[in-house]
Amino acid sequence: MPSKTACAAIGIDLGGTNLRGAVVESGKLLGEPVYVETPDRPEKIVDALVKLIEDLLVEAQAAGMKRDSICGVGIATAGVVKCDTGEVIGSTGNLPGWAGTKIREVIEDRVGLCVHVENDANAAAYGEARIDELKDLHCIVVVTLGTGIGGGIVIDGKLLHGRGWAAGEIGHMSIALDDSRLCTCGLYNCWEAYGSGRGLLTTAREFIAGQKDNYLQSSLSKEEELTTYMLFQEAKAGDRLACSIVRRWHEHLTIGIVNLTHILNPDCFVITGGLSQACDLELLKRLTVEKALHNIGETVEIRASRLETNAGLIGAAQSVIDEVRVGVPARS
Ligand SMILES: [Zn+2]
């Protein structure tokens with residue numbers, strides 16, 4: 001086993017489309033990430049993971065790194081992960097048949113390194129929360145805005161996993177009573193059904209349908225062609241309706257931020273994901289102060305991601321580094 005002072009690890013982000021891997025040292029990637037297409041069957045995914053790890057070890061050695069300075073492998077995967085055993089216990093649509101795979105066990109046996117497996121949104125949250133500026137804070141909530149809303153909660157440097165390893169599913173908190181918006185999870189009125197890219201487009205269609213005089217460009221009036229990019233561009237150009245839609249999206253985002261603020265009283269939120277660039281963080285902060293209890297909204301910081309697309313990979317690697325430092329519990 002590598003020494004506890006080893007401070008580099010391999011990080012892998014396992015998505016439905018790609019496996020991305022890199023050697024991570026002191027929170028930074030050594031070189032560009034290596035991409036491999038995600039195979040369609042669980043046993044082939046395991047083979048691809050092993051091959052990727054072996055390739056990255058060779059690459060690290062070629063770059064002058066000693067093999068024993070790499071203390072382990074962190075793997076971020078979609079699905080609910082039982083982190084103490086490294087087993088995927090909840091399925092994910094993007095990786096059919098993946099639930100039930102004992103990733104830690106099979107990978108440790110084949111590569112001879114410590115392995116830590118983490119849910120991908122949690123791994124990204126851990127990566128963001130471990131950067132130097134934030135690592136000593138009490139509570140950090142990472143919100144990933146994309147097609148859906150993902151997230152993770154880090155308290156005193158540790159991820160909040162919950163009894164069934166499913167904590168941090170912030171996108172599925174309910175923000176309304178009526179059954180007006182169906183979420184992809186099968187429940188109604190989840191925060192994700194309003195604040196995600198998909199939710200924003202639903203809001204846009206409702207706004208456009210309510211217009212008597214359609215003064216928008218024809219592209220915006222055809223709902224099948226509507227994209228979030230188009231909406232943000234129109235809003236930037238000053239289109240009144242597009243501005244109202246984007247403003248309402250921020251109001252929807254504020255509801256979730258305010259709820260989390262009241263429950264956790266966090267030091268800060270980190271906003272990341274594909275839509276985060278379009279999010280006006282100053283507006284979000286102003287609305288949060290307006291809607292939250294006095295003296296709670298004022299103190300919370302809302303900031304942009306530092307790691308962006310590499311957060312999951314860095315967070316996964318950092319989790320195995322930190323685990324090796326405190327001593328990894330034996331596999332049960
Ligand atoms: Zn939901």
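This briefing describes the overall dimensions, confidence, sheet architecture and one selected residue of the protein.

The structure is a predicted model. The protein contains 10 helices and 12 strands, and its mean pLDDT is 90. Among its elements is an open sheet of five strands, on which helix 3 packs.

**Confidence**

- A pLDDT of 70 or more is reached by 92% of the residues.
- Helix 9 (residues 281–291) has the highest confidence, at a mean of 98, whereas helix 6 (residues 218–221) has the lowest, at a mean of 58.
- Where pLDDT is low, the predicted coordinates should not be read in detail.

**Overall dimensions and packing**

- The radius of gyration is 21 Å, which agrees with the value near 20 Å that a compact globule of 332 residues would have.
- Taken along the principal axes, the C-alpha atoms fill a box of roughly 70 × 45 × 35 Å.
- Of the 332 residues, 41% count as buried.
- Among contacts with a separation of 6 or more, 62% are between residues 24 or more positions apart.

**The five-stranded sheet**

- The strand order is 3-2-1-4-7, and the pairing is mixed.
- Strand 3 (28–37) and strand 7 (114–119) form the edges, each pairing on one side only.
- From one strand to the next, the twist averages 20 degrees.
- Strand 4 (residues 70–77) and strand 7 run parallel and are joined by six bridges.
- Valine 73 stands opposite valine 115, a residue of strand 7.

**Helices against the sheet**

- Helix 2 (residues 103–111) lies across strand 4 and strand 7, and runs at about 150 degrees to strand 7.
- Helix 3 (residues 120–129) touches strand 1 (8–14), strand 4 and strand 7.
- The direction of helix 3 makes about 105 degrees with that of strand 7.

**Valine 106**

- Valine 106 is located in helix 2, the helix that lies across strand 4 and strand 7.
- Valine 106 counts as partly exposed because it has 17 C-beta neighbours inside 10 Å, while a buried residue would need 20 or more and an exposed one 12 or fewer.
- Valine 106 and phenylalanine 207 are 101 residues apart along the chain, and their C-alpha atoms are separated by 51 Å.

Notes. Residues are numbered from 1 along each chain as its sequence is written. This is a predicted model: local features need pLDDT of at least 70, side-chain atom pairs count only at pLDDT 80 or more; totals for chains, interfaces and linings use all residues. Helices (H or I, at least four residues) and strands (E, at least two) are DSSP runs, numbered from the N terminus. pLDDT is the predictor's confidence in each residue, from 0 to 100. The radius of gyration is taken over C-alpha atoms; the globule rule is 2.2 Å times the number of residues to the power 0.38. Two residues are in contact if their C-beta atoms, placed from the backbone, lie within 7 Å. Two strands pair if DSSP finds at least two bridges between them. Axes are lines fitted to C-alpha atoms, for helices over the stretch in contact, and angles run from 0 to 180 degrees between N-to-C directions.
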